[in-house]
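Reader: I would like a close look at one part of this model, followed by an account of the surroundings in which that part sits. Please take the steps of reasoning slowly.

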Amino acid sequence: MENPPRPSSRPSAGDVPHGCHARTAPRRRSRGRAGVGDAGAEARRATLSTQTDETRDAAREQIGVDYEPFRALLEAGEWEKADDEHRRLMCVLAGEEAEDREWVYFTEVDNMPVTDLRTIDALWKYYSNGRFGFSVQRKIWIGQKRQWAKFFKKIDWTTGENGDYRKFPQEFQWRADAAQGHMPLTNALRGTQLLAALLEHPAFGPGLPERTSEGSFYEGTASRETPVRFEMPTVGGVLDVAVRFGKFGVLFAQELMK
């Protein structure tokens, strides 16, 4: 059985404190991580370990990010701290301007290397037993037809009949058994453009829905399942509507003349 993913400990630009780093406020300690003792989990362990080794090496060649602190927090089951470190890494990947301002513009997501995002995603999935990660969230989002309200409810980011957002950080579920896709967190209070850009990143999918010559948009999947069609009206349909309105106009005029 292969060892867990262990990213390089090489120092990175992310070692310098900045606004996307972990908060200093007291936080609850979350104990334990999802079990990996069953045969299915061990198969995922071997697969993800191989994938992470490959993406880790490629990522190190690009910008030399140190993922070891993030990996260690996930391994320890420190879900809230791991999410803080994840947010810091997002700023590092987005570039120096994002690090300086301490948050990420949705337009900067394109700058994030595929290999780095896949490395982070693989670590989330490995230590949560396939429960958390951007690729997990994308699959749920696609399953909910890209409808944000349904997606947020499915991953337990909202509560109540009105779909109110949970208060950050105290109301989020920092546990291994949180709803599938509950982590990582992405702020959507001011809009969903950043989260949409991440979930549509080439690291996790083919990008925005493509338009075909038939005028259809597909749900952005390689197999083009779940087509959403926009039909253009036919000439016969237009004439039928015109005739119906004409008859209505004649009847209305006759009523007025009575």
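Reader: Why does Glu-102 count as partly exposed, and what is its relative accessible area?

Author: This is a predicted model, and what follows should be read with that in mind. Glu-102 has a relative accessible area of 43%, and since buried means under 20% and exposed means over 50%, with partly exposed in between, Glu-102 is therefore classed as partly exposed. The residue is found in the loop between helix H4, which covers residues 96–101, and H5. Its backbone deserves attention as well, for the phi of Glu-102 is near 80°, a positive value in a residue other than glycine. Most residues other than glycine have a negative phi, and most peptide bonds are trans.

Other backbone features of this kind can be placed along the chain. Asp-156, which is not a glycine, has a positive phi of about 65°, and it lies in the loop between H7 and strand E1, the latter spanning residues 158–159. Lys-145, which follows H6, also has a positive phi, near 60°. As for peptide bonds, a cis bond with omega of about 0° joins Phe-168 and Pro-169, and another cis bond, with omega of about 5°, joins Met-183 and Pro-184. Pro-169 lies in the loop between E2 and H8, and Pro-184 is placed in the loop between E2 and H8 too.

To set the loop of Glu-102 in context, consider the chain as a whole, which has 9 helices and 4 strands. From the N terminus on, the elements run α-α-α-α-α-α-α-β-β-α-β-β-α. Of the 258 residues, 42% count as buried, and among the contacts with a separation of 6 or more, 68% come from residues 24 or more positions apart.

H5, the helix on the far side of that loop, covers residues 114–127 and packs with H2, residues 68–75, at an angle of about 15°, their axes being 9 Å apart. Angles under 35 degrees count as roughly parallel, and H2 and H5 are therefore roughly parallel to each other. H2 passes H5 in a right-handed crossing, where Phe-70, Arg-71, Leu-74 and Glu-75 of H2 meet Ile-120, Leu-123, Trp-124 and Tyr-127 of H5. By class, this contact has 6 nonpolar, no polar and 2 charged residues.

H2 also packs with H3, at an angle of about 160° and with the axes 8 Å apart, which makes H2 roughly antiparallel to H3. The crossing of H2 past H3 is left-handed. On the H2 side the contact involves Pro-69, Phe-70, Leu-73 and Leu-74, which meet Trp-79, Lys-81, Ala-82, Glu-85, His-86 and Leu-89 in H3, and by class it holds 7 nonpolar, 1 polar and 2 charged residues.

Further along lies H6, residues 134–143, which is mostly covered, with 7 of its 10 residues buried. These are Phe-134, Val-136, Gln-137, Arg-138, Ile-140, Trp-141 and Ile-142, and they pack against H3, H5, H7 and H8.

The aromatic side chains tie several of these elements together in the description. A search of the whole structure finds 17 aromatic pairs. One of them is formed by Trp-124 and Phe-132, edge-to-face, at 6.4 Å centre to centre and with 85° between the planes. Trp-124 counts as buried because its relative accessibility is 0%, and Phe-132 is likewise buried with a relative accessible area of 0%. Phe-168 and Phe-172 form another edge-to-face pair, 6.1 Å centre to centre and 65° between the planes, in which Phe-168, at 38% relative accessibility, counts as partly exposed, whereas Phe-172, at 9%, is buried.

Trp-141, the H6 residue named above, belongs to one aromatic cluster with Trp-148, Phe-151, Phe-152, Trp-157 and Tyr-165. Thr-192 touches Trp-148 and Phe-152, not counting residues up to four places away in sequence. The C-alpha atoms of Thr-192 and Trp-148 are separated by 8.1 Å, although the residues are 44 apart along the chain. Thr-192 is found in the loop between E2 and H8, and with a relative accessible area of 21% it is partly exposed.

Conventions: Residues are numbered from 1 along each chain as its sequence is written. This is a predicted model: local features need pLDDT of at least 70, side-chain atom pairs count only at pLDDT 80 or more; totals for chains, interfaces and linings use all residues. Side-chain values use heavy atoms; hydrogens and water are left out. Axes are lines fitted to C-alpha atoms, for helices over the stretch in contact, and angles run from 0 to 180 degrees between N-to-C directions. Helices (H or I, at least four residues) and strands (E, at least two) are DSSP runs, numbered from the N terminus. Angles under 35 degrees count as roughly parallel, over 145 as roughly antiparallel, 65 to 115 as roughly perpendicular and the rest as oblique. A crossing is left-handed if the near helix is turned anticlockwise from the far one by less than a right angle, and right-handed if clockwise. Contact means heavy atoms within 4.5 Å. Ala, Val, Leu, Ile, Met, Phe, Trp, Tyr, Cys and Pro count as nonpolar, Asp, Glu, Lys and Arg as charged, and the others, Gly among them, as polar. Buried means under 20% relative accessible area, exposed over 50%, partly exposed in between (1.4 Å probe, protein chains only). Rings of Phe, Tyr and Trp (its six-membered ring) pair if their centres lie within 6.5 Å; planes under 30 degrees apart count as stacked, over 60 as edge-to-face and the rest as tilted.
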